Amino acid sequence: MSKIDFQGWVAHQQTQFEGVLGQLLPSAEIAPQRLHEAMRYSVLDGGKRVRPLLAFAAGELSGADSARVNFAAAAVELIHAYSLVHDDMPCMDDDVLRRGKPTCHVAYDEATALLVGDALQSLAFQLLSEQRLSDDAERQLEMVKLLAVASGSRGMAGGQAIDLASVGKQLTLPELEQMHIHKTGALIRAAILLGAYCGQLDQPQMAKLDRYGKLIGLAFQVVDDVLDCEADTATLGKTAGKDADNDKPTYVSLLGLVGAREMAQRLHAEALENLADFGDSAQRLRDLADFIVFRKF
Ligand code: GRG
């Protein structure tokens, strides 16, 4: 499988997934129109769709039905979109640009942005519970729980709480790692596991995939910290340099740019080691690891 195959696969998945999301989100013509329009504004037409791509790759590895993986990937992406809308609000990061567009509370208003996040989160769990994702009902319930834990106070929301409390403080490397394993890593890991749960893998294989997910989730954040320093606002589609401006501890502030880049490469190499036993069937996950670590935006 060459890099060209991979780029073609990414483009195909991004396009078909945009259609899926467009169908799953409520129409802006249905009441309450403004809320539905703002939900569509926040989810559609933007973002790299890294989490869905990871779910698709894990789904392919486990022989899953692609229609089922689409629902699982959509649930994860809706949670991710909700987190971005809330994170951008004045009570949190107070940002005006996201995915190259004005943030939701700027384009609409704060109350609408709050409701958009709430409604996207609910829609995610509606999808996971009303669509058939596994022939085994107990496994499907496990999947609902997996996403709930990954996005809740012991996952993404908890990581965000630690992040808000860390402004202006010097964290140790293990403390920073804990924050990011929760804030960013938990949802990335969930995307991979949910994709795989739509198909069939044995327990040792799931454990390897879990380890890959944890490592690549953390690598994603290390690279995010690097790009926040190195890339410009136009390339990122969000305000660059926010971490330093907000006096937030990051991998760059702790390790320097070179040290952070080296850490991302170490995590990348370790993540790939966990795919060794899968052979060619894990090539998409290897390519996605490369994309996550060597991306420019
Ligand atoms: C508000 C509960 C709550 C949580 C917010 C995810 C998050 C927690 C905040 C987003 C702010 C941020 C910069 C987080 C670090 C990494 C990250 C998740 C970046 C954005 O994800 P990408 O790069 O975004 O996948 P796109 O737009 O491509 O989907």
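This passage describes the ligand site of a predicted model, followed by one of its helices and two features of its loops.

The ligand is a good place to begin. It sits in the largest pocket, and 19 residues surround it. Among these 19 residues, the nearest are Lys-48, Arg-51, His-80, Asp-87 and Arg-99. Three of the five can be followed down to individual polar atoms. In the side chain of Lys-48, an N or O atom is found 2.6 Å from an oxygen atom of the ligand. Arg-99 places a polar side-chain atom 2.7 Å from a ligand oxygen, and for His-80 the corresponding distance, again from a polar side-chain atom to an oxygen atom of the ligand, is 2.8 Å. On its own, the ligand would expose 700 Å², of which the protein buries 92%.

Where do the residues of this shell come from? At least two residues each are supplied by α4 (66-87), α8 (156-165), α9 (173-197) and α10 (203-230). The largest share belongs to α4, which provides six residues of the shell. Sorted by class, the shell contains seven charged and seven polar residues, along with five nonpolar ones.

One of the helices that contribute to the shell, α10, also invites a look at its geometry. This helix has 28 residues and spans 40 Å between its first and last C-alpha, close to the 40 Å expected at 1.5 Å a residue. At the N-terminal end of α10, Asp-202 acts as a cap. A side-chain oxygen of Asp-202 lies 2.9 Å from the backbone nitrogen of Gln-205.

Two loops carry backbone details that are worth finding in the model. In the loop between α1 (3-24) and α2 (33-43) lies Pro-32, and the peptide bond that joins Ala-31 to Pro-32 is cis, with omega near -5°. The other detail concerns Asp-45, located in the loop between α2 and α3 (50-61). Although Asp-45 is not a glycine, its phi is positive, at about 60°.

Technical notes: Residues are numbered from 1 along each chain as its sequence is written. This is a predicted model: local features need pLDDT of at least 70, side-chain atom pairs count only at pLDDT 80 or more; totals for chains, interfaces and linings use all residues. Side-chain values use heavy atoms; hydrogens and water are left out. A residue is near a molecule or strand if one of its heavy atoms lies within 4 Å of it. A polar contact is a pair of N or O atoms within 3.5 Å; within protein, one must be able to donate a hydrogen and the other to accept it, and residues adjacent in sequence count only if both atoms are side-chain atoms. Accessible areas come from the Shrake-Rupley method with a 1.4 Å probe; for residues, only the protein chains shown count as cover. On a 1 Å grid over the protein atoms alone, a cavity is a set of points where a 1.4 Å probe fits but cannot get out, and a pocket is an open set with protein on both sides within 12 Å along at least five of seven lines; lining residues have an atom within 4 Å of a point. A molecule sits in a cavity or pocket if more than half of its atoms lie within 2 Å of its grid points. Helices (H or I, at least four residues) and strands (E, at least two) are DSSP runs, numbered from the N terminus. Ala, Val, Leu, Ile, Met, Phe, Trp, Tyr, Cys and Pro count as nonpolar, Asp, Glu, Lys and Arg as charged, and the others, Gly among them, as polar. The expected span of a helix is 1.5 Å times one less than its number of residues.
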